[in-house]
Amino acid sequence: MALKRNEVLAQLSRDHHLALLMAQVLKSNGPKYAGTERDAQSRKVYVQDFYRDKLKEHFREEEQILFPMAEKLSAEIKLLQTELMKEHRIMEELLLTLESSSNLESTLNELGFLLDDHVRKEERKLFEWIQQHADENWFSNLKSKLRRSEERRVGKECRSRWSPY
């Protein structure tokens, strides 16, 4: 049974919620959300905006703050973190190929499935593991570091037209 998400991790989970919505928009058979269009060109613009406005910073927070802190809890998490960072790079590479993709629909669909699987892995494996191993001091330290990170991006508005936040 999953643990109730610690409030500090819940901040990152809210980003994950947006990423899961984006994953659905990207998938070929995904639903049409309010304010989104289903054509490949529109979906390409949505994901490029989302990456620039949200996902790029989220990856940075995970790689530079969350992952190193989790590794201090136990080195056993390193393999999962390496896998997650590799997935970050694969998604970024796919994002870079969108402009020149000969099959944009297929690339968007692949990116949607990768993003969906990636977020679920972080939520179900990484976050669950952290909650089982971290104490309140660890979470307090993470909260402080994430707050400083958030302060750096205050004032940046997400231009993604579909974002519920």
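Over which residues does pLDDT stay under 50? Select residues 155-165 to find out: pLDDT stays under 50 there. The model has 28 contacts beyond four places in sequence for this stretch. Remember that you are viewing a predicted model. Where pLDDT is low, the predicted coordinates should not be read in detail. Now zoom out. The mean pLDDT of the chain is 89, and 88% of the residues reach 70 or more.

**Stop 1: the whole chain**

Show the chain as a cartoon. You will find five helices and zero strands. Along the sequence the pattern reads α-α-α-α-α. The chain has 165 residues, and 50% of them count as buried. Take the contacts with a separation of 6 or more: residues 24 or more positions apart account for 76% of them.

**Stop 2: the segment before H1**

Select Asn-6. This residue lies in the segment before H1. Is Asn-6 buried or exposed? Asn-6 counts as buried, because its relative accessibility is 16% and the cut-off for buried is under 20%. Now add its partners from beyond four places in sequence: Asn-6 is in contact with Gln-131, Glu-136 and Phe-139.

**Stop 3: H1 against H2**

Two packed helices are described by the angle between their axes and the distance between the axes. Try this on H1, residues 7-26, and H2, residues 40-73. Their axes come within 11 Å and cross at roughly 150°. That makes H1 roughly antiparallel to H2, because angles over 145 degrees count as roughly antiparallel. The crossing of H1 and H2 is left-handed.

Next, show side chains. On H1, pick out residues of the contact including Leu-9, Leu-12, His-16 and Met-22. On H2, the residues they meet include Tyr-46, Phe-50, His-58 and Leu-66. Color the contact of H1 with H2 by class: there are eleven nonpolar, two polar and five charged residues.

**Stop 4: the loop after H1**

Select Ser-28. It sits in the loop between H1 and H2. Ser-28 is partly exposed, with a relative accessible area of 39%. Which residues does Ser-28 contact, leaving aside neighbours within four places in sequence? They are Arg-38, Arg-43, Glu-105 and Asn-109. Now add Gly-112. Ser-28 and Gly-112 are 84 residues apart in sequence. In space they are 8.5 Å apart, C-alpha to C-alpha.

**Stop 5: H1 against H4**

Keep H1 and select H4, residues 104-133. The two helices pack at an angle of about 160°. Their axes are 8 Å apart. That angle makes H1 roughly antiparallel to H4. The crossing of H1 and H4 is left-handed. Residues of this contact divide into 13 nonpolar, six polar and four charged.

**Stop 6: H3 against H4**

Hide H1 and select H3, residues 78-97. At what angle do the axes of H3 and H4 cross? They cross at roughly 160° and come within 10 Å. H3 and H4 are therefore roughly antiparallel to each other. H3 passes H4 in a left-handed crossing.

Show side chains again. H3 brings residues including Leu-80, His-88, Ile-90 and Met-91 to the contact. From H4 come residues including Leu-111, Leu-114, His-118 and Lys-121. By class, the contact of H3 with H4 has ten nonpolar, four polar and six charged residues.

Technical notes. Residues are numbered from 1 along each chain as its sequence is written. This is a predicted model: local features need pLDDT of at least 70, side-chain atom pairs count only at pLDDT 80 or more; totals for chains, interfaces and linings use all residues. Side-chain values use heavy atoms; hydrogens and water are left out. Helices (H or I, at least four residues) and strands (E, at least two) are DSSP runs, numbered from the N terminus. Buried means under 20% relative accessible area, exposed over 50%, partly exposed in between (1.4 Å probe, protein chains only). Contact means heavy atoms within 4.5 Å. Axes are lines fitted to C-alpha atoms, for helices over the stretch in contact, and angles run from 0 to 180 degrees between N-to-C directions. Angles under 35 degrees count as roughly parallel, over 145 as roughly antiparallel, 65 to 115 as roughly perpendicular and the rest as oblique. A crossing is left-handed if the near helix is turned anticlockwise from the far one by less than a right angle, and right-handed if clockwise. Ala, Val, Leu, Ile, Met, Phe, Trp, Tyr, Cys and Pro count as nonpolar, Asp, Glu, Lys and Arg as charged, and the others, Gly among them, as polar. pLDDT is the predictor's confidence in each residue, from 0 to 100.
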